[in-house]
Amino acid sequence: GSHRLRQAMVASILAVLLSIAGGVTLALFFSAWLSRPLQALAQASHRIADGNLSERVEVHTGGELGQATRAFNQMADALERAEKEKADFTAMLVHDLRSPLMAALSGAAILEDGLEGPVNEQQKKWLARIEAGVRKVVDLVNDFLDLSKIEAGRFGLDKKEIDLGQLVQESIESYRALAKS
């Protein structure tokens, strides 16, 4: 009797241990099965945050995880479209601003050169100020375009030396003209 009881206890303990081992194995399998798609979503979201808006995640499953993956891909599509529309709008805006500004610059230069009739010294000074002001607006438009390129990650820096004294002098002249008017 006691030998049989001992065998039954050992068999019961083995059965419990095997059940626990099987449960742990299944838990690890399902954990890996669930975590792979979640890791893929997390990695893709980091790449999108870093500016790679073309990143998508393959959908390998149905259910809630598949829905989340499809929603993520739809969000990425919308972000990519919005970024393209923003770039198109910026290009159109810059073009639409630059064209009349360049016409104003050309007109002021024609007048300053006397091609439309004589211009006195006072008028030449004002035309030069107008040209300088229009050039500053053109520079702002170009800066806006550069900023949009920086945001899109398509901008390279062009470092160059400038004459700081000349820059300060030009600024003083511009503001002096504004103060007199």
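This is a short talk on the overall build of one protein and on one of its helices.

Okay, hi everyone. First thing to know: what you see here is a predicted model. The protein has four helices and zero strands, and from the N terminus on, the order of elements reads α-α-α-α. Its radius of gyration is 35 Å, while the globule rule gives 16 Å for 181 residues, so the protein is more spread out than a compact globule.

You can get a feel for that from the box around the C-alpha atoms, which is roughly 130 × 35 × 25 Å along the principal axes. And how many of the 181 residues count as buried? Just 14%. As for the surface, the protein exposes about 13900 Å², with 62% of that supplied by carbon and sulfur atoms.

Charges, quickly: there are 21 positive and 24 negative ones, and the mean positions of the two sets lie 9 Å apart.

Now let's look at helix H2, which covers residues 63–112. Does its length add up, or what should we expect? At 1.5 Å a residue, its 50 residues should span 74 Å, and the end C-alpha atoms sit 73 Å apart, so the two agree.

Which residues are buried in H2? Among them are Leu65, Thr69, Phe72, Asn73 and Ala76, and further along you find Leu101, Leu105 and Ala108. Keep this in mind when you look at the numbering: an α-helix has 3.6 residues a turn, so residues three or four places apart point the same way.

Last stop: after H2 comes glycine 114, and its phi is positive, near 80°. That's my tour, thanks!

How values were computed. Residues are numbered from 1 along each chain as its sequence is written. This is a predicted model: local features need pLDDT of at least 70, side-chain atom pairs count only at pLDDT 80 or more; totals for chains, interfaces and linings use all residues. Side-chain values use heavy atoms; hydrogens and water are left out. Helices (H or I, at least four residues) and strands (E, at least two) are DSSP runs, numbered from the N terminus. The radius of gyration is taken over C-alpha atoms; the globule rule is 2.2 Å times the number of residues to the power 0.38. Buried means under 20% relative accessible area, exposed over 50%, partly exposed in between (1.4 Å probe, protein chains only). Accessible areas come from the Shrake-Rupley method with a 1.4 Å probe; for residues, only the protein chains shown count as cover. Lys and Arg count as positive and Asp and Glu as negative; His and the chain ends are not counted. The place of a charge is taken as NZ of Lys, CZ of Arg, CG of Asp or CD of Glu. The expected span of a helix is 1.5 Å times one less than its number of residues.
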